[in-house]
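Student: Can we go through this one together, starting with how the helices pack?
Tutor: Sure, have a look first.

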Amino acid sequence: MENETLTITDNRTQKAYTVPIFRGTIRAMDLRQIKTDPEDFGLMTYDPAFMNTASCQSAITYLDGEKGILRYRGYPIEQLAEHCTFLEVAYLLLNGDLPTKDELDTWNYDVMRHSMIHENLKKFMDGFHHDAHPMGILLSTVAALSTFYPDGRAVNDAKYRRKQVVRLIGKMPTLAAYAYRHRLGRPYIYPDPELCYTKNYMNMLWKRTEPNYVANPVLARALEVLFILHADHEQNCSTSAMRVVGSSNADPYATTAAAISALWGPLHGGANEEVLRMLDEIGSKDRIPAFIEEVKEGHRKLMGFGHRVYKNYDPRARIIKQVAEEVFEVTGRNPKIDIALELEKIALNDEYFVKRRLYPNVDFYSGIIYQAMGFNPDQFTVLFGIPRTVGWLAQWQEMMSDTDKKIARPRQIYIGEEKRDFVPLTLREHKHELVGV
Ligand SMILES: CC(C)(COP(=O)(O)OP(=O)(O)OC[C@H]1O[C@@H](n2cnc3c(N)ncnc32)[C@H](O)[C@@H]1OP(=O)(O)O)[C@@H](O)C(=O)NCCC(=O)NCCS
């Protein structure tokens with residue numbers, strides 16, 4: 001459209017510039033022409049934490065945080081959670097369309113065929129301390145996969161990219177289950193490609209001496225739904241890490257390890273673990289008002305609440321709340337759900353949270369379900385990482401074939417010292433307090 005432009009007047013020079021508006025954005029590089037004189041570098045944008053910057057174009061996930069809408073490749077998350085298996089959704093995210101029956105059969109077979117890990121990787125895992133955090137084990141072993149699959153470095157070849165994608169999706173549950181069993185000192189259980197993705201994972205986690213472990217179908221379906229809900233969430237912190245690291249053409253194992261590291265933080269995927277610790281600490285409903293006061297006074301955060309993009313109820317939290325009731329029918333009610341429901345009720349009516357548009361996010365209820373299913377809190381972020389690997393890889397594949405792809409390299413505003421001359425050691429003045437570590 002002709003009027004899809006923006007005219008900017010630089011009040012320093014009185015010059016006007018017209019730049020095109022492209023899909024509701026202006027290109028930051030179009031600002032570079034705005035200069036005070038020919039020596040001037042040109043105008044840049046300053047946007048710490050990318051609050052208002054689109055870093056890519058993507059056709060994978062649509063999110064409207066104002067309205068609480070989430071869609072994968074155009075399909076509402078509610079419909080996918082109701083009708084699909086996790087691997088069906090994985091296929092959709094990676095390929096753009098839902099698979100036909102034949103495509104799904106082949107895809108299931110391929111992924112499950114790649115669920116084994118090299119025996120040397122098991123030895124590598126044995127080196128971790130008995131109480132090593134499973135996220136630490138997961139990110140290290142995913143990075144180590146790059147040493148087993150050097151063809152992963154052929155990142156400019158779509159065929160090789162595809163191979164690593166299938167390998168990673170196939171191996172994530174195995175690595176996660178081995179990390180879990182390592183902690184308990186139990187022998188590792190080999191993957192069973194005859195089982196579906198989630199039942200195989202449950203088998204590797206919980207099989208003991210019985211000849212055939214049979215996963216409870218309600219719990220397996222609940223896990224499947226939780227995996228679907230966590231599979232992608234457009235340009236969040238870990239996905240951005242995936243794209244930034246991948247933009248240097250690092251191999252997908254090293255790149256995925258970087259994404260796992262980002263996910264681990266308590267402000268991102270690590271929040272589900274923190275929610276459980278918070279609910280434990282609150283302990284009973286009568287202690288909620290005092291806790292809310294502490295939050296409002298700024299002493300702490302209500303974990304599992306708030307989101308950079310959702311300024312409405314997170315649609316995933318709504319689905320998880322329903323799944324929780326189905327899980328409790330099997331496992332018995334996790335008493336923490338009642339504390340969580342009461343916290344939500346109070347928070348949603350309290351001016352502090354209403355004014356800041358803070359709603360429960362995906363992490364608020366997921367941990368309560370995971371705990372009822374038998375997972376320890378330090379396992380929760382791993383349960384986020386397994387399905388999110390699909391989203392990371394879908395975004396990575398998209399980036400690698402994007403004609404706009406360049407190595408990520410932001411600019412800065414330098415605020416340090418002006419040029420100064422070197423001072424010999426004996427003439428330097430003591431300026432900093434000496435602190436030993
Ligand atoms: C997710 C999160 C990091 C988003 O942060 P953000 O987009 O930078 O939002 P801000 O930190 O600017 O928050 C805006 C305001 O709400 C407050 N706020 C945000 N989340 C809050 C929370 N969970 N509890 C209490 N106050 C919160 C902030 O203190 C800030 O208040 P102010 O305007 O008085 O300073 C943040 O909401 C958070 O830390 N939540 C808890 C961790 C969590 O559940 N993470 C999982 C996300 S899926």
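Tutor: Helix α13 (residues 315-331) and α16 pack at an angle of about 15°, with their axes 9 Å apart. Helices here are DSSP runs of H or I with at least four residues, and strands are E runs of at least two, numbered from the N terminus. This is a predicted model, where local features need pLDDT of at least 70 and side-chain atom pairs count only at pLDDT 80 or more, while totals for chains, interfaces and linings use all residues. Residues are numbered from 1 along each chain as its sequence is written, and side-chain values use heavy atoms, leaving out hydrogens and water.

Student: Why are α13 and α16 called roughly parallel?
Tutor: Angles under 35 degrees count as roughly parallel, over 145 as roughly antiparallel, 65 to 115 as roughly perpendicular and the rest as oblique. The angle for α13 and α16 is about 15°, so the two are roughly parallel.

Student: What makes α8 and α16 roughly antiparallel?
Tutor: The axes of α8 (residues 217-230) and α16 (residues 362-373) cross at roughly 155° and come within 12 Å. Axes are lines fitted to C-alpha atoms, for helices over the stretch in contact, and angles run from 0 to 180 degrees between N-to-C directions. With that angle, α8 and α16 are therefore roughly antiparallel.

Student: On to the ligand: what makes the link between Gly304 and the ligand a polar contact?
Tutor: A polar contact is a pair of N or O atoms within 3.5 Å (within protein, one must be able to donate a hydrogen and the other to accept it, and residues adjacent in sequence count only if both atoms are side-chain atoms). A backbone N or O atom of Gly304 is 2.8 Å from a ligand oxygen, so the pair fits. A polar side-chain atom of Asn361 also lies 3.0 Å from an oxygen atom of the ligand.

Student: What is notable about phi of Ala49?
Tutor: Phi of Ala49 is near 70°, a positive value in a residue other than glycine. Most residues other than glycine have a negative phi. Ala49 lies in the loop between β2 (15-20) and β3 (61-64). Asn249 has a positive phi near 70° too, in the loop between α9 (237-246) and α10 (252-264).
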